[in-house]
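Student: I should like a close look at a single part of this protein, namely its disulfide bonding. Please describe where it is found and what it connects, and then turn to a neighbouring topic, the pairing of strands in a sheet.

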Amino acid sequence: MNAGRLLRNWTLRLGLLTALALAAGLVPGWLRPTAVVPPAPAGPLTPVTAAAAPLAAPTACTGAFVTHTLPHTTTARTPIPHQFETNGAGVAIEDLDDDGRLDVVLANVAGPATLLWNQGALNFSPQSLPDRNARAVNSVDVDGDGRVDIVFTHSLAGLTFWRNTPPAQAGGRPTFVRQPLRNVHKPAMAMAWGDLNGDGALDVVAGSYDAELNLLGNDFLFSDGAGVYYYEQQGEAFQPHRLSAQSQALAVSLFDVTGDRRPEILVGNDFHTPDMAWQRADGGWQTITPFATTSHSTMNLAWGDIDNSGRPALFATDMRPFATTDARTWAAWLPLIASMRPVSEKDPQQMRNALQVPDAAGRYVNESLRRGLDATGWSWSGKFGDLDNDGWLDLYVVNGMIDADLLGYLPGAELVEPNQAFRNAGGGAFLPAPEWGLGSLASGRGLSLADLDNDGDLDAVVNNLGSPAQLFENRVCGGAGLEVDLRWPASANTRAIGARLVLRTSAGLLTRDVLVSSGYLSSDPARVHFGFPAGTAVHGLEVRWPDGAQTRLADDPRLAAGAWLTLTR
């Protein structure tokens, strides 16, 4: 790609930053909202076997997170990344050896991936995994054998599947053997796993990043292309269904946007390619328009019940300096702003984060401006989690950009901005939380939240570009935690991906979903974390399984602060 073409591509990505010069506080009206679909009727009650274990006592409280460096660095092919290597790679967290401790997988662009076996007490044993030029990584039981596998995307190639194989000797670690995903062969940058047709097996939706594929020249231009594919798992193979011939996908999400208790397909696109959405109808998929406005260059899609209403909000990241940006960082942004083309505020794609919040009728309104979450820097992954165990989902967003072509006027061609943490003060009112110590200046990309030391609070792992990955140990000690694992050995969906849990407490109802793919190129564990204030009484737990069946635990003494429950259906 010549310099002029590259500049035009980046100008498209940055074009709407001219909104910085416009008056703030405008909440756009809607265009054509998607109709809210009546939810499916509640399914039958189903019994489970419950096992409980105590979580560890919290470590010494400091009111903040403690930073640890991990033995992995995502690298580019050149000393200073350029072109699309700047997009970096993701991180996945899940228990890969069934020892009760969550392990970490870090994808890499130029080097091998790294598997970090959790030895306890935040000690990890690294293992190299020979999968290069990887972007997204998900830890998921692909084949339904009860063991969690690893899947990577590659922007210039198809998905790679590393099957979890039992250890040769009792007490040993499993090995990961690369095997084909039959009929899953198109290049893909982003992916999401879930049971989309209700047959119990996990399907995958994958989207290509055509801007990078264009670097292949005629090999791509005169091929059948890529785009967005829904791969339906059927026995030992996948049946591909093409949803779109083009995409600039950086995020894929399987999110129930219509309220019918079935996931829709959402794709977040870079540049001026609009985000996409599909709803299942008449045995196929039809396009829908669930949001009046979206972010412009969507990097991330993540959801959570931010106001404890039982109706999750959806968060998308973009690029926009935050209000408290210091003079040096503003100076770094100015050449970018000067190169922008004017764009109307009436454009449905806005160069700011989007927070899609359902109104009383169930339709979504973008409230990122009103709630102070529209500008978090050059943002990649942003995720919700109850970081202070007070019963309200907080938000953590990672930042940074390195590009030899775009930012050559800066030292190291790097735009340095602190990661942003926001405390939910209640009802979805977010306040900056610099006191938590999460403002790393490394160039963050993938992010996952999980309880890595089994002490009842959420830690964070960030896969940085060009510097070591980081683990942020939670020592905020704001309240109490309760964690739940679901097991469904009779189904090919052994971790019950897509289930919804509602915890009934004296502080209100807390709703959490079991998911895998989330945020930017990353995945979270299927283990569900609930936080709540100290002294809160827990009255019951309701589980809506992916097939609609329900499980209810009421006044069960095992539902208590500091407990870790495993429910097996």
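Tutor: A disulfide is taken here as a pair of cysteine sulfur atoms within 2.5 Å. By that criterion the structure, which is a predicted model, holds one disulfide. Its partners are Cys-61 and Cys-477, with an S to S distance of 2.1 Å. Cys-61 belongs to the loop between strand S1 (49-54) and strand S2 (64-73), while Cys-477 belongs to the loop between strand S34 (468-475) and strand S35 (480-487), so the bond ties together parts that are 416 residues apart in sequence. The link of Cys-61 and Cys-477 is left-handed, with -95° about the S-S bond. Cys-477 has a relative accessibility of 29% and therefore counts as partly exposed, since partly exposed covers the range between under 20% for buried and over 50% for exposed.

As to strand pairing, one open sheet consists of four strands in the order S11-S12-S13-S14, and the pairing is antiparallel. Its edges are strand S11 (190-194) and strand S14 (237-244); each has a single partner strand, so one side of each is left without a neighbour in the sheet. From one strand to the next, the twist averages 20°. Within this sheet, strand S12 (residues 203-207) and strand S13 (residues 228-234) run antiparallel and are joined by four bridges. Ala-206, for instance, has Tyr-229 in S13 as its bridge partner. In general, the strands of a sheet pair through backbone hydrogen bonds, either parallel or antiparallel.

Methods: Residues numbered from 1 in each chain as written. Predicted model: local features only at pLDDT ≥ 70, side-chain atom pairs only at ≥ 80, totals over all residues. Heavy atoms only, no water. Helix = DSSP H or I, 4+ residues; strand = E, 2+ residues; numbered from the N terminus. Buried < 20%, exposed > 50% of the residue type's maximum accessible area, 1.4 Å probe, protein only. Pairing = 2+ DSSP bridges. Axes fitted to C-alpha atoms, helices over the stretch in contact; angles between N-to-C directions.
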